[in-house]
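I opened this notebook to keep track of what I looked up, entry by entry. The topics are the surface patches, the nonpolar interior and one contact along the fold.

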Amino acid sequence: MSDKEIKHEEKKARRKSRHGFWAGVVLGGLLGAVVAGGFLLTGAQAVAAGKLMGGFGHHGHHTAPSSPEVARERAGFAIDWVLSRVDASQDQREQIKAIAGNSIDDLFPFVEQHKINREAFVAEFSKPTMDRETLEQLRQNGLEMADLATTRLVSAIADAAEVLTPEQRNELIELATKFHER
């Protein structure tokens, strides 16, 4: 094999490795959607940004639902859509909707807390002289909130995954891979 061919093969292997990583990330997103409906991205930044339970509102800006009830409605729609792709039974859908509803109840307060933190950050940033200790405390509050929220979300994802069969989870992985390849 020539150096050029070896480099080409190494590139292909790196791409495949990244592909596997990103397929896992997308699968996490899809499972997050199954668990928490409309949540499509489940990263700490989404939690910290108050976008975990949002949708797109006026002029495409991301808006959080006005209540846990609205979030549950969005979640139910997303759960039905995703689970219809893996032939989930009605019983499985209802179990996962209950898991999502409980996680929404637990996570919804983070939306308001994020808003409060964001307003405090803007107020501090707007001062002629910023207090670095205050900014650091706000940062730590955001990290703590993201840690709590993602811990709860991972628990809900695991609960939902246990409701599905290994075959259905594999189908979700394939679906995630297809979305990633787009």
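The entries below follow the order in which I looked things up, and I note at the outset that the model is predicted.

Entry one, charge on the surface. I looked for like charges that gather on the surface, and I found a patch of negative charge formed by D87, E167, E171 and E174. I then placed D87, which sits in the loop that links α3 (68-84) to α4 (90-126). D87 counts as exposed because its relative accessibility is 66%, and the cut-off for that class is over 50%.

Entry two, nonpolar surface. I asked which residues make a nonpolar patch on the surface, and the patch I found consists of F121, V122, F125 and M130, with an area of about 380 Å². M130 belongs to the loop between α4 and α5 (132-163), and its relative accessibility of 38% is why I list M130 as partly exposed.

Entry three, the interior. I turned to the largest nonpolar core, which has 18 residues, and noted that I79, L83, I96 and L172 are the ones that touch the most other members. At least two residues of this core come from each of α3, α4, α5 and α6 (166-181). I also recorded a second, separate core of six residues, among them F110, M145, A149 and I157.

Entry four, K97. I located K97 in helix α4 and noted that, with a relative accessible area of 23%, K97 is partly exposed. Between the C-alpha atoms of K97 and A75 I read a separation of 7.4 Å, although these residues are 22 residues apart along the chain.

Note on methods:
Residues numbered from 1 in each chain as written. Predicted model: local features only at pLDDT ≥ 70, side-chain atom pairs only at ≥ 80, totals over all residues. Heavy atoms only, no water. Patch = residues over 30% accessible without salt bridge, like charges linked within 9 Å, V, L, I, M, F, W, Y side chains within 5 Å. Areas by Shrake-Rupley, 256 points an atom, 1.4 Å probe, with all protein chains shown as cover. Salt bridge = Lys/Arg side-chain N within 4 Å of Asp/Glu carboxyl O. Lys, Arg positive; Asp, Glu negative; His and termini not counted. Charge placed at Lys NZ, Arg CZ, Asp CG, Glu CD. Buried < 20%, exposed > 50% of the residue type's maximum accessible area, 1.4 Å probe, protein only. Core = buried A, V, L, I, M, F, W, Y, C linked by side-chain atoms within 4.5 Å.
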